Amino acid sequence: MNKRAKMSPAYRLPAACITVTKVDVAFTSTGVEPERAIEVFELSAAAIKKLAIRLKNRIENGGYKTSPCAGIYSATTLCGTTDFRQTRTANAADPIWFIGDLHGDLAALKALTEFARRQNERDGLSAPTRLFFLGDLVDGAPFSAEVIAWIMKAWNNKPRLEQEKAEMTQPPPFEVMAVIGNHDNGLRFVENDTGGEFVSSVSPSTFAQDLNRRMKEGHREAWKQFGCAAIEFFEALPRMVMLNQTVMVAHGGVPHSDVVIATRADLNTPQALGDFIWNRLHETAPKKIPNRESHGSQVGIKNFDAFVAKLADTAGVAFSPKIFIRGHDHHEGNFKRYENYKLCSVLTLNAFTVNRDFYGQKYRDLALLRWIPSETDKMTLFRLRFQSGGLEQIWRVLLPERAKGNIQDITP
Ligand SMILES: [Mn+2]
């Protein structure tokens, strides 16, 4: 082997070309404007590999705290185990970037966050770039630990006190907010005779498997500690967040018709909290019957409208969302507006999809949604399209040997 290539593995790593397009999603009509191309940028495998190594080293050095206690934006966390403190007043012109289910895809995280940061910069906005993750951060692609490590680090970077803020020489690049997803919610650590292991109530559960494998491979305590910190982090994430009296955010759906919502406290019952994480919205059915035999139920249009009306009427809440942003479902093109929901627009967003091109080849697309709080009647969807095979090429470089046969199937 050529000595230079051997000494610097990054030397030969490929870079993927990504074409970015944007499309305005208008709430004043159901019409969608034509998509416009805005730029092409390169995502290098070397950068992602470097990031993965840095995050892994930090985990193995025990660098993770569990304190998701600081809030951002002018968000009111309505449901969840933690009250988020507000650390800054939302600037109405400062966008919030929503990112759907990442499922352990570090390449997607890197591409999406890097794009959001650069777009803000182009628009003359200063750091930090505000990100809002819609849950299901783990399971599927092989970098669940690294994705969580990145998000926890960004979360902990936030100044919690005015004094801390004043002492910072420069703002962190990102400010992070998230709701919990069902995959995040499913992770547990169980004690046993061999020192304990991670398990999950959902499938695929690659994060739990990955943590167990890494505990066996060395740095057992550090990986155990990190996995347990991730569980605590998930547990402290809100189940539903209201933004500016306009936008409601949750991973899955809303509490079903059998959940009594009369007071603010009713939103924090286990059933209501579970429904925010697990439920799905049926795109056309007016009503669905709750299925309490399984974790998630489908909610019909009238069930949803009834919940939205209840929110507005509930003492101590009085929240009338105009837009509901959720993840959980993976639609072609990464995004779907459920046209039959009229009282409150429903937008389903996921970070990536595996699509098939004209020749039947699978390829990945990424997407993220930007909301500028001062703009009440539109959001903008940005799609990041990899050149054919580009992301797979990156994955081939990133994946451990044993997983390489499976590149096409790393999507949950
Ligand atoms: Mn989900």
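The largest nonpolar core of this predicted model holds 105 residues, and those that touch the most other members are Phe98, Ile99, Ala107, Leu112, Val147, Ile151 and Val249. Helix 4 (residues 144–156) supplies the largest share of this core, namely nine residues. Leu112, one of the residues just named, can be followed outward from the core: once its neighbours within four places in sequence are left aside, Leu112 is in contact with Ile99, Ala351, Leu366, Leu368 and Leu384.

Val249, another of those residues, has a number that falls within strand 12 (residues 247–250), and this strand runs parallel to strand 15, to which three bridges join it. Met248 has Phe324 of strand 15 as its bridge partner. Strand 15 also pairs with strand 17 (residues 345–349), again in the parallel sense and over four bridges, and here Ile323 is matched with Ser345 of strand 17. Strand 15 itself (residues 323–326) is covered on both faces, since Ile323 and Ile325 on one side are buried, as are Phe324 and Arg326 on the other.

The start of strand 15 leads to a residue from a distant part of the sequence. Phe27 sits in the loop between strand 1 (15–26) and strand 2 (36–44), yet, residues up to four places away in sequence not being counted, Phe27 touches Lys322, Ile323, Ser345, Asp377 and Lys378. Two of these contacts, Ile323 and Ser345, are the bridge partners that link strand 15 to strand 17. For Lys322, the separation from Phe27 is 295 residues in sequence, whereas the distance from C-alpha to C-alpha is 9.0 Å. Phe27 counts as partly exposed because it has 16 C-beta neighbours inside 10 Å, where 20 or more would make a residue buried and 12 or fewer would make it exposed.

Helix 10 (residues 301–313) offers a check on geometry as well as on packing. Its 13 residues should span 18 Å at 1.5 Å a residue, and the end C-alpha atoms are 19 Å apart, which agrees. The buried residues of helix 10 are Ile301, Asn303, Phe304, Phe307, Val308 and Leu311, and because they cover an arc of only 165° around the axis, they lie on the same side of the helix. The spacing behind such a pattern is a general one: an α-helix has 3.6 residues a turn, so residues three or four places apart point the same way. The buried residues of helix 10 pack against strand 13 (280–281) and strand 14 (298–299), while the face turned away from that buried side carries the exposed residues Ala312 and Asp313.

Technical notes: Residues numbered from 1 in each chain as written. Predicted model: local features only at pLDDT ≥ 70, side-chain atom pairs only at ≥ 80, totals over all residues. Helix = DSSP H or I, 4+ residues; strand = E, 2+ residues; numbered from the N terminus. Contact = placed C-beta atoms within 7 Å. Pairing = 2+ DSSP bridges. Core = buried A, V, L, I, M, F, W, Y, C linked by C-beta atoms within 7 Å. Expected span 1.5 Å × (residues − 1). Arc of directions from axis to C-beta.
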